[in-house]
Amino acid sequence: MARVIKLGREEPIGATVDAKIELSVIEYGLRRMASGRRQRHLHQRWAKVLDTFVDQVVFYDVNAAGQTAAVLAAAAATGRPMSLADAHIAGMCVAGQYDLATRNVGDFTGVAGLTLINPFAPFAP
């Protein structure tokens, strides 16, 4: 998590984004956890991440919808179908010309016009 926050602070505003779709998945996961110290700790860490990236959240619009359709069609044509949620995220990033910071680079590899950043990969010296 510290690497994600560090990346967010080092990248220029708008260079990386998070999508409201992904935010809802994280919120859902936190709410499904058993109540207790671990849930409270993760929720506090999540709140810190949100505070760091609040100005970089991107919303779904008409342009993103068109890009999502293009991403889905291209993925299907290459025999690598993509989930709708991942296609929404990729579509928003392509539409806004944003890089995507994700640990899950494999699911987004090959999306035309999308630059991927894995904030959990070892930093180059």
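This report walks through one protein chain, from its overall layout to single residues.

## Overall layout

The model is predicted. Its chain has 125 residues. There are 5 helices and 4 strands. Along the sequence they follow the pattern α-β-α-α-β-α-α-β-β. The chain thus begins with a helix and ends with two strands.

Of the residues, 32% count as buried. The accessible surface of the chain is about 7800 Å². Carbon and sulfur atoms hold 57% of that surface.

How much of the contact count joins residues that lie 24 or more positions apart? Among contacts with a separation of 6 or more, such pairs account for 54%.

## Helices α2 and α3

Helix α2 covers residues 20-32. Helix α3 covers residues 37-53. Several residues in these two helices can be read together.

Start with L30, which is found in helix α2. Is L30 buried or exposed? L30 counts as buried, because its relative accessibility is 8% and the cut-off for buried is under 20%. Leaving out residues up to four places away in sequence, L30 touches Q39, L42, H43 and W46. L42 is 12 residues from L30 in sequence, and their C-alpha atoms are 7.5 Å apart.

Q39 lies in helix α3. Q39 has 18% relative accessibility and also counts as buried. Beyond its neighbours within four places in sequence, Q39 is in contact with L30, R31, M33 and A34. L30 and R31 both belong to that list.

R31 is exposed, with a relative accessible area of 66%. In sequence R31 follows L30, which is buried at 8%.

## Charged side chains

How many salt bridges does the structure hold? It holds 1. The side chains of R31 and E27 form it, with a nitrogen-to-oxygen distance of 3.7 Å. That pair meets the salt-bridge cut-off, because 3.7 Å is within 4 Å. R31 and E27 sit 4 residues apart in helix α2, so about one helical turn separates them. Side chains of opposite charge can pair when their charged atoms come close.

D86 is another charged residue to look at. D86 lies in helix α5, residues 84-96. D86 is buried yet has no salt bridge. Which side chain of opposite charge is nearest to D86? It is R80, 8.9 Å away. That distance is too long for a salt bridge, because the cut-off is 4 Å. Which residues does D86 contact, apart from its neighbours within four places in sequence? They are N104, D107 and F108.

## The loop before α4

Y60 and F59 both have a place in the loop between β2 and α4. Strand β2 covers residues 57-58. Y60 is partly exposed at 32% relative accessible area. F59 counts as exposed at 52% relative accessibility.

Each of these loop residues has a partner far along the sequence. For Y60 the partner is H88, 28 residues away. For F59 the partner is M92, 33 residues away. The table sets these pairs beside the L30 pair.

| Pair | Separation in sequence | C-alpha to C-alpha distance |
|---|---|---|
| L30 and L42 | 12 residues | 7.5 Å |
| Y60 and H88 | 28 residues | 7.8 Å |
| F59 and M92 | 33 residues | 7.4 Å |

## The loop after α5

Q97 is found in the loop between α5 and β3, where β3 covers residues 99-101. Q97 is not a glycine, yet its phi is positive, about 55°. Most residues other than glycine have a negative phi. Q97 counts as exposed, with 72% relative accessibility.

## The second largest pocket

What is the volume of the second largest pocket? It is about 300 Å³. The lining has 18 residues. V71, A75, M82, G110 and V111 lie nearest the centre of the pocket. Two elements, α4 (62-77) and α5, give two or more residues each to the lining. The largest share comes from α4, with 5 residues. Helix α5 is also the helix that holds D86.

Conventions. Residues numbered from 1 in each chain as written. Predicted model: local features only at pLDDT ≥ 70, side-chain atom pairs only at ≥ 80, totals over all residues. Heavy atoms only, no water. Buried < 20%, exposed > 50% of the residue type's maximum accessible area, 1.4 Å probe, protein only. Lys, Arg positive; Asp, Glu negative; His and termini not counted. Contact = heavy atoms within 4.5 Å. Areas by Shrake-Rupley, 256 points an atom, 1.4 Å probe, with all protein chains shown as cover. 1 Å grid on protein atoms, 1.4 Å probe; cavity = no way out; pocket = protein on both sides within 12 Å on 5 of 7 lines; lining within 4 Å. Points joined across faces, edges and corners; volume = space filled by probe spheres on them.
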